[in-house]
Amino acid sequence: MSAAPSSHHDQHVRRNFVCHCLEGGLYMGGLAFLQPETVMPKMVESLHGSSLIISIMPAVLAATFAFAGLFVSPKVEQMRHFKGWVLGFGLLQRLPYLVAGLVLWYAEHLEGWILPVVVLTPVLSGLIGGVGVVAWMEMVTRMVPKRIRAAGWAARYIMQAVIGMGAGAVIHLVLTQFPGHRGYAVLHLIAFGFLFLSWLSQLPMKESEHPVHMPPRDPRPYLTYLKELPGMLAAQPNLLRLILVRFSGMGYLMLVSFLTLHALKVTGSVEADVGRFVSLQNVGTILGSLLAAWLGYHSGGKVLLVVSRLICIGVCVWSCHTQSFIGFTVVYFIFGFGLFLDRVGDLTLTAELCPPERRSTYQAILGFCNVWALLIATTLSGLVYRQTLSFTTVATLAGAFAVISMIILLPMPEPRQGHR
């Protein structure tokens, strides 16, 4: 009698896992046509944006995504079902890319609006998406069993990278055929197409009944809720350490804001060659994600973060010394490899460190702290570049951050070993 319910449950787990991978792979694959680390800095630079705006473009979507978490986590903690909330805000967060594509295509007489549209699109998408992301993370954490979470994150990134390899060729072709704002309009519209497909892929997901971790109680004033947060965080010293690890682990984003501009300048390449960097970065993402899936399954997230910091230091050194186009394609390959070791490791370690009874709130706290880590680190790199006009100085700063992050990370226990 018990075999049928078990088989039914396993079927739901498999379907949810596949949909989870498709949703993330299509979403991030769509954003590869507007690669935050490669395409966006060059797009802003071509529109005469300042070095500070250029520096924050790789971080602005992630930062705005994390901003709204603390405002909605009290409600999320009381939810029994998350899918409707996630789908509603998920659709709204994708619409700015459609609007931006249409505005940029017809922007011949709106030149003063092109840069604000390009910058505000990820800001608006992130702010709206942030309302749903805490519920999405809780939904995914419940739907995907612990042992295969790292494999799930890695599968999403591999799919993103496969799409991204094709995106590199498309970016090169589009920017060659449609230089200027119309080329970027086409890229925004292509991105929206993939984002909409990622939203559709969530529809078949089956949400099982789960008890609410927090017992139902009368709503409390929001200020009372906020006053509880420092004590909650202080009770989890490993999460405090993780916040420091995240902040000091921003070397990749500090470096990449100006890596594309530096590579094109040193090699004398044209703007369309950004697409080739995107392709090689995504080859590295595939291999890095495969390694992350294997290591994350067997060892957890900490070892992935340690290896990613070592790779970041290597990227900083190599990017300062290479002078050839081939050399920079190697840099982007290694960058993609290390960056996605970092992302899979961070997601895996965070999910296992957060106590399940208040996981939504802890995720929101970590996300809110990450906003400031992203903005401070990228702004700092922008200020340094504006004052020195030296990519080497920025790379040295990024490498120093990676060393500090590794020193903070090494004494942290691996939660999975503790469970054993």
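Tyrosine 297 has a relative accessible area of 33%, so it counts as partly exposed. Its home is helix H12, which covers residues 274–299. Take proline 356 as a landmark: it sits 59 residues away from tyrosine 297 along the chain, and their C-alpha atoms are separated by 20 Å. Keep in mind as you look around that this is a predicted model.

Now step back to the whole chain. The protein chain has 17 helices and zero strands. With a radius of gyration of 21 Å, close to the 22 Å that the globule rule gives for 420 residues, the chain is as compact as a globular protein of that length. If you boxed up its C-alpha atoms along the principal axes, you'd need roughly 65 × 45 × 45 Å.

How much of the chain is buried? Of the 420 residues, 57% are buried. As for the outside, the protein chain exposes about 17100 Å², and carbon and sulfur atoms supply 71% of that. There are 29 positive and 19 negative charges in the chain, and the mean positions of the two sets are 5 Å apart.

The contacts reach a long way along the sequence, too. Count the ones between residues at least 6 apart in sequence, and 88% of them join residues at least 24 apart.

Tyrosine 222 gives you a local example. This residue is found in helix H9, which runs over residues 222–234. Setting aside neighbours within four places in sequence, tyrosine 222 is in contact with Leu70, Phe71 and Pro74. Phenylalanine 71 is 151 residues away in sequence, yet the C-alpha atoms of tyrosine 222 and phenylalanine 71 are 8.5 Å apart. Tyrosine 222 itself is partly exposed, with a relative accessible area of 30%.

Phenylalanine 67, in helix H3, is another one to click on. Its contacts, leaving aside neighbours within four places in sequence, are Leu127, Phe368 and Val371. Phenylalanine 67 is partly exposed, as its relative accessible area is 32%. Histidine 20 is 47 residues from phenylalanine 67 in sequence and 23 Å from it in space, C-alpha to C-alpha.

Following that contact to Phe368 brings us to the aromatic rings. How many aromatic pairs turn up in the whole structure? A search finds twelve. In one of these, the rings of phenylalanine 368 and tryptophan 372 have their centres 6.0 Å apart and their planes at 75°, so the pair is edge-to-face. Both residues belong to helix H15 (residues 359–388), and they are four residues apart, about one turn of the helix. Phenylalanine 368 has a relative accessible area of 24%, which makes it partly exposed. Tryptophan 372, at 41% relative accessibility, also counts as partly exposed. Elsewhere, ring pairs link Phe192, Phe196 and Trp199 into a cluster.

The loops have a few things to show as well. Two residues there have a positive phi without being glycine: histidine 48, with phi near 65°, and leucine 389, with phi of about 50°. Where is histidine 48? You'll find it in the loop between helix H2 (39–46) and helix H3 (51–67). Leucine 389 is in the loop between H15 and helix H16 (391–409).

Histidine 81 is a loop residue too, placed between helix H4 (69–77) and helix H5 (83–105). Proline 411 is 330 residues from histidine 81 in sequence, and the two are 37 Å apart in space, C-alpha to C-alpha.

Are these loop residues buried or exposed? Exposed means over 50% relative accessible area, and partly exposed is the class between buried and exposed. Here is how the three come out:

| Residue | Relative accessible area | Class |
|---|---|---|
| Histidine 48 | 74% | exposed |
| Leucine 389 | 64% | exposed |
| Histidine 81 | 43% | partly exposed |

Histidine 48 counts as exposed because its 74% is over the 50% cut-off. The 64% of leucine 389 is over that cut-off as well, so leucine 389 is exposed. Histidine 81, at 43%, is not over 50%, so it counts as partly exposed.

Technical notes
Residues numbered from 1 in each chain as written. Predicted model: local features only at pLDDT ≥ 70, side-chain atom pairs only at ≥ 80, totals over all residues. Heavy atoms only, no water. Helix = DSSP H or I, 4+ residues; strand = E, 2+ residues; numbered from the N terminus. Rg over C-alpha atoms; globule rule 2.2 N^0.38 Å. Buried < 20%, exposed > 50% of the residue type's maximum accessible area, 1.4 Å probe, protein only. Contact = heavy atoms within 4.5 Å. Areas by Shrake-Rupley, 256 points an atom, 1.4 Å probe, with all protein chains shown as cover. Lys, Arg positive; Asp, Glu negative; His and termini not counted. Charge placed at Lys NZ, Arg CZ, Asp CG, Glu CD. Phe/Tyr/Trp six-rings, centres within 6.5 Å; stacked < 30°, edge-to-face > 60°.
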